[in-house]
Amino acid sequence: MIVGKIVLYLAMSVDGYIADEQGGVSWLEGDGSKPDTSGSYPAFYETVEAIVMGWTTYHQIVTALSPDIWPYEGRPCYVVTHRQGENQENVCFWNGELTALADQLKTESKGNVWICGGASVARQLLKENRIDKLWLSVIPTVLGKGVRLFPGLHRELPLKLVATEHYNGIVDLVYEKR
C-alpha cells in the first residue's frame, strides 16, 4: 500500500523565525540576485494532495496575503482551530485531535500532506513524531525576534539531509527522520 508523507514545508529566517513580532511575513523574499527564479514551491506544490494549517496562517492568507483568491483551489485544506468556522468548498475547520487528522490524511493520500503553518501545528506534529519530511527554505534575513519555528520542542529530533537547493539567496534544506 502506498501512503503519503506528512511534509512540513515552511520558510524561515536564518535565525529560525517564521514570522516577525507582529506575525508579518513581508520579509519572505530572496536577496534579489535572481528575482525571476521560481524556487522549489511550484514543483513541491504539484506533489501536494492535502494541506493542513493553523488558524493564524489561514487568517493571514484570507485577510492579508491573498484576500481575493484562495491560493489552494482544488486541494482539500484543513484549518486546525478551536474556533467555530463554517466549512467551505475545499476548506474544513478541524477542531479534533491533530494527530488523528494527520494519520487519516497520511493513510488516504498517495502524495504529500503539506503542513503549511504555523509554529504550533508544526510543534505538535513534531512532538508526536508525525512529520516525515522537513523542507525548510532559509530566507537571507536575520529577524532577531518573532515567531520561532521550533519553540518548546524539548527533545532531540535526529534528521538526515536528503536534498539541498539554492536560488535567489534562499537555501532549501530537505530532511527526513533518521
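In this tour, a helix is said to lie across strands when it is in contact with them, and contact means heavy atoms within 4.5 Å. The model on the screen is predicted.

**The annotated stretch**

Begin by selecting residues 5–167. According to an unreviewed UniProt entry, this stretch is covered by the annotation "domain: Bacterial bifunctional deaminase-reductase C-terminal". Helix accounts for 23% of the chain over these residues and strand for 31%. The C-alpha atoms at the two ends of the stretch are 25 Å apart.

**The sheet**

Next, display the strands as a cartoon. Eight strands form an open sheet with mixed pairing, in the order β5-β4-β3-β6-β1-β7-β10-β9. At its edges stand β5 (91–94) and β9 (159–167); each has a single partner strand, so one side of each lacks a neighbour in the sheet. From one strand to the next, the twist averages 20 degrees.

**Strand β6 and its neighbours**

Select residues 112–117, which make up strand β6. Is this strand enclosed or open to the outside? Six of its six residues are buried, so β6 is largely enclosed by the rest of the structure.

Add strand β1 (residues 5–13), which runs parallel to β6 and is joined to it by four bridges. To find one of the contacts between the two strands, select Leu8, whose bridge partner in β6 is Ile115. Then add strand β3 (residues 48–54), which pairs with β6 in the parallel sense over five bridges. Here Val48 has Asn112 of β6 as its bridge partner.

**The β9 edge**

Move to β9 and select strand β10 (residues 170–177) with it. These two strands pair in the antiparallel sense, over eight bridges. Within this pairing, Leu161 stands opposite Tyr175 in β10.

**A helix across the sheet**

Now select helix α2 (residues 55–65). This helix lies across β3, β4 (77–80), β5 and β6, and runs at about 100 degrees to β3.

**The cysteines**

Show the side chains of Cys77, Cys92 and Cys116. A disulfide is a covalent bond between the sulfur atoms of two cysteines. How many disulfides does the model contain? The count comes to zero. Cys92 is in no disulfide, and the nearest cysteine sulfur, that of Cys77, is 9.2 Å away. For Cys116, the closest cysteine sulfur is also in Cys77, at 7.0 Å, which is too far for a bond; the cut-off is 2.5 Å. Cys116 is buried, with a relative accessible area of 10%, whereas Cys92 counts as partly exposed at 22% relative accessibility.

**The aromatic residues**

Finally, show the rings of the aromatic side chains. The count of aromatic pairs comes to 16. One of them joins Tyr9 and Tyr41: the pair is tilted, with 6.3 Å from centre to centre and 50 degrees between the planes. Why does this pair tie together separate parts of the chain? Tyr9 lies in strand β1 and Tyr41 in helix α1 (residues 41–46), so the pair links parts that are 32 residues apart in sequence. Tyr9 is buried, with a relative accessible area of 8%, while Tyr41 counts as partly exposed at 31% relative accessibility.

To end the tour, select the aromatic cluster to which both tyrosines belong. One cluster is formed by Tyr9, Tyr41, Phe44, Tyr45, Trp55, Tyr58, Trp70, Tyr72, Phe93, Trp114 and Trp135.

Technical notes:
Residues numbered from 1 in each chain as written. Predicted model: local features only at pLDDT ≥ 70, side-chain atom pairs only at ≥ 80, totals over all residues. Heavy atoms only, no water. UniProt positions renumbered as here; feature names shortened; annotations may be inferred. Buried < 20%, exposed > 50% of the residue type's maximum accessible area, 1.4 Å probe, protein only. Pairing = 2+ DSSP bridges. Axes fitted to C-alpha atoms, helices over the stretch in contact; angles between N-to-C directions. Phe/Tyr/Trp six-rings, centres within 6.5 Å; stacked < 30°, edge-to-face > 60°.
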